[in-house]
Amino acid sequence: MVPLSTKMRPGSLDGFVGQGHFMYKGALLYNAIKNKTFGSAIFFGPSGTGKTTLARIIAKEMDTGFYELNAAVSGIKELKEIIDSAKTKFFGLQNEASYVYIDEFHRWNKLQQDTLLKALEEGAIKFIGSTTENPYFAVNNAVLSRVRSIYEFKRLAAADILKILEGALGDTENGFGNLDVMFEGRALETLADMSSGDARVALDTLGFIIGNLDVGRAIGNETIEEAMQRQAMFYDRSEDKYNLLSALQKSVRGSDPDAAHHYLARLIDGGADILMIGRRLLVMASEDVGMAYPSAITVVTSCVQAAQMVGFPEAKILLAQAVTLLAACPKSNASMAALESALSDLRSKNIDDVPDHLKDSSYSGAKSRGHGAGYKYPHAYGGYVKQQYLPDNLHQEGVKYYKPTENGSEASFKKHLESLAKTKGK
């Protein structure tokens, strides 16, 4: 049986839903596709966000040869056969480039990825690669340099998912437009919210429900919960996930691990993804903990990365460790406050130039301009030497941006800086 998500794939740009940050009428990408000037690109982002769908739409709009591979099951042999066929077409009477779409491109090793290079340089193929991994880490630089555009696909908004579901319910050819499907209250919105921005999950869940529902029975929240195998917690829209993220951060900032774990639990149970939670935890590690416990950012980064590697349900253990650490450790926002104060001065004051002795002296002609003259290399003086670093007017004002607290490890940094200040006065 063909999954509903496959049957409902749109065949044109007008039917494509989501990714409004780069795909809309009049956008450069939209026009490039319509004008048949689209080149090579890499699509990256979570599953179910439209990467394969858009690649197939592009192939249809280009009206030229199109080959599709999945890197999980295909290798160099299949790719070389496609390239040979594309070269015959390109260098023959047709003189047309072919499009090669490779799904899960990050699964190929360097040798496999580099197989594309010569054909890309010759122009015989145009390449579209899709990946759930960051291409700047997962794709070879040689390939990246030959691909003009990298488009980040984001998880679909609940409103986009709802539009897709409503389209399936009204489609008489591929969807359920010929059935009298009934919903109780806001059950369809609940399904859209619980799908975590993944259109494939939303559509296939809808197909599963309708395919196995007793005749005449309306679909309610309990049916959605049964199909998704989790309770529809706060997704009645009376409470927003950003409110929960805010509550989580404020509980961490207030050093209340019990409240922090409560809000973490609600986020996880409500379907918030690892990246959404992880990003906020990383911000907290610097904004709220900072120099009071500098290792927090390292530990939290490791927890978030590990959570992404193992996925749910085990990811919750790693996220819980990060939350416990952040809530229980000493706090300081002095680093963030220092930067904000410096930025405020930039906006409100006429700041003098960088002192000449701090300017770059590595290029020809720098000496004649006095750049670097008189600079004292601190390591040559045992690690510290008295010297001006701020621009003249800020130095004369005695500006202080970083004001360390006595909290946690920051107390030792404060003590060290105070000892240097005494040295300066000598």
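In the predicted model, the side chains of Lys 414 and Glu 406 meet in a salt bridge, with N and O separated by 3.1 Å. Glu 406 is exposed, its relative accessible area being 54%. Elsewhere, Arg 253, Glu 287 and Asp 288 are joined into one network by salt bridges that share partners. A search of the whole structure returns 16 salt bridges.

Among these salt bridges is the pair formed by Arg 56 and Glu 68, whose closest N and O atoms are 2.8 Å apart. Arg 56 belongs to helix H3 (residues 51–62) and Glu 68 to strand S2, so this pair ties together parts separated by 12 residues in sequence. Both ends of the pair have intermediate accessibility: Arg 56 is partly exposed, with a relative accessible area of 35%, and Glu 68 is partly exposed, with a value of 36%. A further salt bridge links the side chains of Arg 107 and Glu 104, at an N to O distance of 2.5 Å. Glu 104 also counts as partly exposed, at 22% relative accessibility; the range for this class begins at 20%, under which a residue is called buried.

Strand S2, which carries Glu 68, is part of an open sheet of five strands. The strand order is S2-S3-S4-S1-S5, and the pairing is parallel. Strand S2 (66–70) and strand S5 (149–152) stand at the edges with a single partner strand each, so one side of each has no neighbour in the sheet. From one strand to the next, the twist averages 15°. Strands of a sheet pair through backbone hydrogen bonds, in either a parallel or an antiparallel manner.

Within this sheet, strand S4 (residues 125–131) runs parallel to strand S1 (residues 41–44), and four bridges join the two. On the S1 side of this pairing, Ala 41 has Ile 128 as its bridge partner in S4, and Phe 43 has Ser 130 as its bridge partner in S4. Strand S4 is also joined to strand S3 (residues 98–103), again in parallel, through five bridges. Here the partner of Ile 102 in S4 is Gly 129. Strand S4 is mostly covered, with six of its seven residues buried.

The largest nonpolar core contains 28 residues. Leu 248, Val 252, Leu 267, Ile 277, Leu 281, Val 300 and Leu 326 have the most contacts inside this core. Two or more residues are contributed by each of helix H13 (241–253), helix H14 (257–269), helix H15 (274–289), helix H16 (296–310) and helix H17 (315–328). With neighbours within four places in sequence left aside, Leu 326 is in contact with Val 252, Leu 281, Met 284, Ala 285, Val 289, Ala 296, Val 300 and Lys 331. A second, separate core has 26 residues, including Ala 168, Leu 188, Leu 191 and Ala 199.

Leu 191, one of the residues of the second core, is touched by Thr 205. Thr 205 is located in helix H11 (residues 199–212) and is buried, with a relative accessible area of 10%. The side chain of Thr 205 reaches the backbone oxygen of Val 201 at a distance of 2.6 Å. Beyond residues up to four places away in sequence, Thr 205 touches Ala 227 and Met 228 in addition to Leu 191.

Another threonine, Thr 223, lies in helix H12 (residues 221–228). Thr 223 is buried, with a relative accessible area of 6%. Its contacts, apart from neighbours within four places in sequence, are Ile 209, Leu 213, Arg 217 and Ala 218.

Helix H16, one of the helices that give two or more residues to the largest core, also holds Met 309. Met 309 is exposed, with a relative accessible area of 74%; the buried class is restricted to values under 20%, so Met 309 falls outside it. Met 309 and Ala 247 are separated by 62 residues in sequence and by 26 Å in space, taken from C-alpha to C-alpha.

Conventions. Residues are numbered from 1 along each chain as its sequence is written. This is a predicted model: local features need pLDDT of at least 70, side-chain atom pairs count only at pLDDT 80 or more; totals for chains, interfaces and linings use all residues. Side-chain values use heavy atoms; hydrogens and water are left out. Two strands pair if DSSP finds at least two bridges between them. Axes are lines fitted to C-alpha atoms, for helices over the stretch in contact, and angles run from 0 to 180 degrees between N-to-C directions. A nonpolar core is a set of buried Ala, Val, Leu, Ile, Met, Phe, Trp, Tyr and Cys residues joined through side-chain atoms within 4.5 Å. Buried means under 20% relative accessible area, exposed over 50%, partly exposed in between (1.4 Å probe, protein chains only). Contact means heavy atoms within 4.5 Å. A polar contact is a pair of N or O atoms within 3.5 Å; within protein, one must be able to donate a hydrogen and the other to accept it, and residues adjacent in sequence count only if both atoms are side-chain atoms. A salt bridge is a side-chain nitrogen of Lys or Arg within 4 Å of a carboxyl oxygen of Asp or Glu.
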